[in-house]
Amino acid sequence: QVQLVESGGGLVQPGGSLRLSCAASARTFSDWAMGWFRQAPGKEREFVATISRTGSTTYYAGSVKGRFTISRDNAKNTLYLQMSSLKPEDTAVYYCAAVTDIRRNWRINTQDYEYDYWGQGTQVTVSS
């Protein structure tokens, strides 16, 4: 059973920083491509960033590129999202997700239906 647990959300002022973490339960974490998505109130869930199994390849949504950094520590079974220069429009519930299917875990995945497992989400609020 795969479990993903996000943490690190909270309230931050515009221009501030936060680091989200996603702890995975399975030791096969290094076999999964991983991603972050977010959903703001009244909006559809949207892609934020993704990272390959080894961490050598990353890809970002245009709205966060240059401000957010996705990374992973396979020894700790943990995914991270470092967020800086935060804006009020970054306010959302942030979800981590895993691509475990071998037909997709080798490539860049930006659509939510491509992900096989999801965490419960962590709230990020950017407000003064």
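**Figure 1. Gly 10 stands opposite Val 124 of strand β11.** The model is predicted: local features require pLDDT of at least 70 and side-chain atom pairs count only at pLDDT 80 or more, whereas totals for chains, interfaces and linings use all residues. Residues are numbered from 1 along each chain as its sequence is written, and side-chain values use heavy atoms, with hydrogens and water left out. Strand β2 (residues 10-12) pairs with β11 in the parallel sense over 3 bridges; two strands pair if DSSP finds at least two bridges between them. Strands are DSSP runs (E, at least two residues), as helices are (H or I, at least four), and both are numbered from the N terminus. β11 also pairs with β9, here in the antiparallel sense and over 3 bridges. In that pairing, Thr 122 of β11 is the bridge partner of Tyr 94. In general, strands of a sheet pair through backbone hydrogen bonds, either parallel or antiparallel.

**Figure 2. Side chains alternate along β11.** Thr 122, Val 124 and Val 126 point to one face and are buried, while Gln 123 and Thr 125 point to the other face and are not buried. Buried denotes under 20% relative accessible area, exposed over 50%, and partly exposed in between (1.4 Å probe, protein chains only).

**Figure 3. An open sheet of 4 strands has the order β1-β3-β8-β7.** The pairing in this sheet is antiparallel. Its edge strands, β1 (4-7) and β7 (68-73), each pair on one side only. Neighbouring strands are turned by 15° against each other on average, direction ignored; the axes are lines fitted to C-alpha atoms, for helices over the stretch in contact, and angles run from 0 to 180 degrees between N-to-C directions. Between β7 and β8 (residues 78-83), which run antiparallel, there are 6 bridges. Arg 72 stands opposite Leu 79 of β8.

**Figure 4. Ser 21 is buried in the model and belongs to strand β3.** Its relative accessible area is 16%. Leaving aside neighbours within four places in sequence, Ser 21 is in contact (heavy atoms within 4.5 Å) with Val 5, Glu 6, Ser 7, Trp 36, Thr 78, Leu 79 and Tyr 80.

**Figure 5. The largest nonpolar core comprises 37 residues.** Such a core is a set of buried Ala, Val, Leu, Ile, Met, Phe, Trp, Tyr and Cys residues joined through side-chain atoms within 4.5 Å. Trp 36, Leu 81 and Tyr 94 touch the most other members. At least two residues come from each of β3 (18-24), β4 (33-39), β5 (46-51), β7, β8, β9 (92-99) and β11 (122-126). β9 supplies the largest share, 6 residues. Outside its neighbours within four places in sequence, Leu 81 has contacts that include Leu 18, Leu 20, Trp 36, Val 48, Phe 68, Ile 70 and Tyr 94. Arg 19, Ala 49 and Thr 69 are also among the residues in contact with Leu 81.

**Figure 6. Asn 77 and Ser 85 are two loop residues of positive phi.** Most residues other than glycine have a negative phi. Asn 77, in the loop between β7 and β8, has a positive phi of about 55°. This residue is buried, with a relative accessible area of 15%. Ser 85 is found in the loop between β8 and β9 and has a positive phi of about 50°. At 41% relative accessibility, Ser 85 counts as partly exposed.

**Figure 7. Ala 40 is a buried residue of the loop between β4 and β5.** Its relative accessible area is 17%. Apart from neighbours within four places in sequence, Ala 40 is in contact with Thr 91 and Ala 92. The C-alpha atoms of Ala 40 and Val 126 are separated by 12 Å, although these residues are 86 residues apart along the chain.

**Figure 8. The protein as a whole has 0 helices and 11 strands.** Its radius of gyration is 14 Å, close to the 14 Å that the globule rule gives for 128 residues, so the protein is as compact as a globular protein of that length. This radius is taken over C-alpha atoms, and the globule rule is 2.2 Å times the number of residues to the power 0.38. The C-alpha atoms fill a box of roughly 45 × 25 × 25 Å along the principal axes. Buried residues make up 47% of the 128 residues. Of the contacts with a separation of 6 or more, 58% are accounted for by residues 24 or more positions apart.
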